[in-house]
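Dear colleague,

Please find below the structure that I am handing over to you. I would be grateful if you would read the notes after it with the structure open.

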Amino acid sequence: MDKLIEYFLKFPGIGPRQAKRFAYFIAAQDESYVKNLAELILKVKRNSRTCVGCFRIFDAAGDGRLCDICSSPSRGGSIMVVEKNVDLENIEKSGAYRGKYFVLGGVMPLTGNNKNGIRLKELFEKIKKEKPEEIILATSATTEGENTNRYIENILNPLGVKITKLGRGLSVGAELEYSDGRTIANALEGRH
Ligand SMILES: [Zn+2]
């Protein structure tokens, strides 16, 4: 049981109390429920792949290395930099954006030299190679997000590409993950 709680604790946004509740919930279910869940988790893992173009995790039926967005000829012009997969999926759902993406993998912490393992080098290489018309920074409207934006602007500046940021129809601290389609469309229109 303790081991299972430890696993749940690693989930994003899950604290010790929730982790415990999950573990007890699992223990209380029928064996068939748990078996189906375990098999589904394994299946999802085996069928998903990280796109070599944007680092999005996608459902890969074939053996393509690029996701459907990166390989679509009708998408392009701009590259939007988002923190995580769920942000990308939420923007896609809004239908307000027709360019490509780059999944950064997080934001930089405010203190120290720790870059939190985010894909800054990969971003630089991609922009250098693809030279998009515009880069849209769409990190969270938090101090960490703003800090990360400034850092990215500094490293990409020498490449001479136009860089914009989402307009903040999103309230301070708001995350793309929880924004509705209208808010995302407004933020995109108000980019500067
Ligand atoms: Zn991709």
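The notes below describe one helix, a group of paired strands and a pair of helices. Please keep in mind that this is a predicted model.

I begin with helix α3, which covers residues 31–47. At 1.5 Å a residue, its 17 residues should span 24 Å, and the end C-alpha atoms are indeed 24 Å apart, so the expected and modelled spans agree. The number of buried residues among these 17 is zero, and α3 therefore lies largely in the open.

Strand β3 (residues 78–82), by contrast, is mostly covered, with four of its five residues buried. This strand has pairing partners in β5 and β4. With β5 (residues 134–137), β3 pairs in the parallel sense over four bridges; within this pairing, isoleucine 79 has isoleucine 135 of β5 as its bridge partner. Strand β4 (residues 100–103) also runs parallel to β3 and is joined to it by four bridges. Here methionine 80 stands opposite tyrosine 101 of β4. Between β3 and β4 the chain passes through helix α4 (residues 85–94), and the resulting β-α-β crossover is right-handed.

Helix α4 also meets helix α7 (residues 181–189): their axes come within 9 Å and cross at roughly 90 degrees. An angle of 65 to 115 degrees counts as roughly perpendicular, so α4 is roughly perpendicular to α7. On the α4 side the contact involves Asn90, Ile91, Lys93 and Ser94, which meet Gly181, Ile184 and Ala185 in α7.

With kind regards

Key. Residues are numbered from 1 along each chain as its sequence is written. This is a predicted model: local features need pLDDT of at least 70, side-chain atom pairs count only at pLDDT 80 or more; totals for chains, interfaces and linings use all residues. Helices (H or I, at least four residues) and strands (E, at least two) are DSSP runs, numbered from the N terminus. The expected span of a helix is 1.5 Å times one less than its number of residues. A residue is buried if 20 or more other C-beta atoms lie within 10 Å of its own, exposed if 12 or fewer, and partly exposed in between; C-beta atoms are placed from the backbone. Two strands pair if DSSP finds at least two bridges between them. A crossover is right-handed if, with the strands pointing away from the viewer, the path from the first strand over the helix to the second runs clockwise. Axes are lines fitted to C-alpha atoms, for helices over the stretch in contact, and angles run from 0 to 180 degrees between N-to-C directions. Angles under 35 degrees count as roughly parallel, over 145 as roughly antiparallel, 65 to 115 as roughly perpendicular and the rest as oblique. Two residues are in contact if their C-beta atoms, placed from the backbone, lie within 7 Å.
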